[in-house]
Amino acid sequence: QSQWTSETQASPGVLPDGEWWFHVATKDGAGNLSTEAAHFRLRIDSTAPKPRVYSRTHPSPDEWGCAERPSFVWEDGDDLSGVAGHLWVFDRNANAPVVPGQANWTTAGSVTLPPQKDGVWVFSLVAKDGAGNLSEPARLVVRLETGAPVSRVEPLPALTSSSAFEVRWKGEDTVSGVAHYDVEVKEGEKGEWRPWLSETTATSA
C-alpha cells in the first residue's frame, strides 16, 4: 500500500513486532518518478520472552534439598532480536527486584552458586534481548538444608527384670523439621546393628 505526501517525513502509526520495509519514490513537478526507490528496513521487537528455570540440585520447590551449592539451568522462547543474556539474583525475598547494574549478568545458559546458608531462597531470572527489552522475572523457590537433625534415646535402666519394656526417642531439626525416624537395634555390645523400624513417625515402641 502506497501513500503520497509532500512532506519529508511520515509516521505509519503503531506497528506490530516483525520486519518492515519502507520504500520511497520521488516525483517532480513535471510528474516524473525517480527510476529507483529508496529502501529502509525496520525490525521491531518490543518484548522479551520470560525464561523457564529449572534446578539440577533442587528440582522441587516444595521439597528440601541438601546440596549447599544450588545449580540452575534455563531455556528461552523465540525472540525476534535474539536473547543477549540474563540477569539473576538469589535472595530470601520472594519478590526481589532484578535490576540492571545491580543484578548478576551472564551470557551462559546455567549457573552454579557458591555454598549458601540454610533456609528458603528464591532464584530470580530475567532475559534481556538484542533490542534491550527485559522479560518478566522467572522465579524458583529453593529450600536448602545442609545440617543434619539431632536424635536421642531416652535413658533405659541398666538392668530390668521384665522382657517387655518401652523405648522412647525424639529428634530435633530447626530448619525443615523431622520427617521420620530409622531405628536400629543390636544384641550385646559386639552384636551387629539391624533395622527395627524404618521411616516411622512414631517416637516410641
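Two strands are said to pair if DSSP finds at least two bridges between them, and in this predicted model three bridges join strand E6, residues 83-91, to strand E7, the two running antiparallel. Within this pair, Trp-88 stands opposite Asn-104, a residue of E7.

Both strands belong to an open sheet of five strands, whose order is E4-E10-E9-E6-E7 and whose pairing is mixed. At the edges of this sheet are strand E4 (64-65) and strand E7 (104-106), each of which pairs on one side only.

Another part of the chain to examine is strand E2 (38-44) together with the loop between it and strand E3 (52-55), the loop in which Asp-45 has its place. Is Asp-45 buried or exposed? Asp-45 is buried, yet it has no salt bridge, and the nearest side chain of opposite charge, that of Arg-43, is 9.3 Å away. The side chain of Asp-45 does, however, make a polar contact of 2.5 Å with the side chain of Ser-81.

Leu-42 lies in strand E2, and because its relative accessible area is 30%, which falls between the limits of 20% for buried and 50% for exposed, Leu-42 counts as partly exposed. Although Leu-42 and Trp-20 are 22 residues apart along the chain, their C-alpha atoms are separated by 5.1 Å.

The table sets out the residues that Asp-45 and Leu-42 touch, not counting residues up to four places away in sequence.

| Residue | Residues touched |
|---|---|
| Asp-45 | Asp-17, Asp-79, Leu-80, Ser-81, Asp-129, Ala-131 and Asn-133 |
| Leu-42 | Gly-18, Glu-19, Trp-20 and Phe-22 |

Key:
Residues are numbered from 1 along each chain as its sequence is written. This is a predicted model: local features need pLDDT of at least 70, side-chain atom pairs count only at pLDDT 80 or more; totals for chains, interfaces and linings use all residues. Side-chain values use heavy atoms; hydrogens and water are left out. Helices (H or I, at least four residues) and strands (E, at least two) are DSSP runs, numbered from the N terminus. Buried means under 20% relative accessible area, exposed over 50%, partly exposed in between (1.4 Å probe, protein chains only). Lys and Arg count as positive and Asp and Glu as negative; His and the chain ends are not counted. A salt bridge is a side-chain nitrogen of Lys or Arg within 4 Å of a carboxyl oxygen of Asp or Glu. A polar contact is a pair of N or O atoms within 3.5 Å; within protein, one must be able to donate a hydrogen and the other to accept it, and residues adjacent in sequence count only if both atoms are side-chain atoms. Contact means heavy atoms within 4.5 Å.
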